[in-house]
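I am opening my notebook to look up how the sheet and the core of this protein are put together. I will take the strands before the core.

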Amino acid sequence: MRYLNSMICRQTVASRHGAHCPELPCFPGCSGGFFALLRHPSGYTDFEAQGFRASAGRPAADETRSAGAIRPRQAKRLSSGGISVAGTDYYALNLNSQSLFRVYDTAIPRVRRYLQAEMDFVKRRLNGSERVLEVGAGYGRILRELAPSAHSLVGVDISEDSVRFGREFLKSCANVRLEVMDGHHLDFRDEFDAVLCLQNGLSAMKGEASRIVSGCLKAARPGGRAFFSTYSGKFWEHRLAWFEEQAEKGLLGEIDRERTRDGVIVCKDGFRARTFTEEDLIALGQSSGYGYQVQEVDESSLFLVITKS
């Protein structure tokens, strides 16, 4: 068994998170709190909190939630997704849930502002009655932020490890559910008021972006909206600094300076991350057959918002 020494401070956040999340552990990004990840000498970084220890064991069966909460469905097993390296899924092999957690535990203020600005853009467009789906949800960082602003939320992700971790991370949020599912093969139809694929998810999941867009729109109900975001070109220097920070933490390979340019970041371990231009998003919006808008947010993101008529 691998162990992680951890320290958690707790805060009562009823006023901030409402009845759905009456009390939450304080992770990076929570006002007034901290979560210290201390690496074991072996190099592993398992998560231990509230008496829970993440391990290589199988996840517990889905818990039956209280009345009014969303019910689990049978999730499709994964066949693709993530950033591909030589035919494999880079994230599934290299970024387990704890490592992914550390990606967002950034010391760069401009990156923290970008992360919050994307969530705020969506939050301002929710009124509390919506059913929300997030594709590529990871361990539920965005879902937890949006939980007080929506009626119910479902997150799907390729990584069983991230979903297992996320179910603990989100267990105080009774209106949120996480499932293991391939973002290219969503098992939903006409169900959600808002479908999210944020923080360059169209690139991170690879494959045909138009197929991901089509699946998200299939999951949206008539009148619902799908939100997709990528990086603004104006954010390049900050984005590069963030990836350098991740490389220094050992979460990514060393940045390949000779090949990293024009919005594409390449690491010497084979990692490659691109972005979508405004023209790319316009083309995706046009090909959807629905009304759409492309908007820059915070000079860090470009959003494509499609309304399913």
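In which sense do S16 and strand S17 pair, and over how many bridges? I found that S16 and S17 (residues 301-307) pair in the antiparallel sense over seven bridges, where two strands count as paired if DSSP finds at least two bridges between them. Strands here are DSSP runs of E with at least two residues, and helices are runs of H or I with at least four, both numbered from the N terminus. I noted that the bridge partner of Gln295 in S17 is Phe303.

I should record that this is a predicted model, in which local features need pLDDT of at least 70, side-chain atom pairs count only at pLDDT 80 or more, and totals for chains, interfaces and linings use all residues. Residues are numbered from 1 along each chain as its sequence is written, and side-chain values use heavy atoms, with hydrogens and water left out.

Next I followed the open sheet, whose seven strands run in the order S11-S10-S9-S12-S13-S17-S16 with mixed pairing. Strand S11 (176-180) and strand S16 (291-297) stand at the edges with a single partner strand each, so one side of each has no neighbour in the sheet.

Finally I turned to the largest nonpolar core (buried Ala, Val, Leu, Ile, Met, Phe, Trp, Tyr and Cys joined through side-chain atoms within 4.5 Å; buried means under 20% relative accessible area with a 1.4 Å probe, protein chains only). Among its 49 residues, Val122, Leu153, Phe227, Trp242, Phe243 and Phe303 touch the most other members. Helix H4 (residues 109-123) gives this core its largest share, seven residues.

Notes: Buried means under 20% relative accessible area, exposed over 50%, partly exposed in between (1.4 Å probe, protein chains only).
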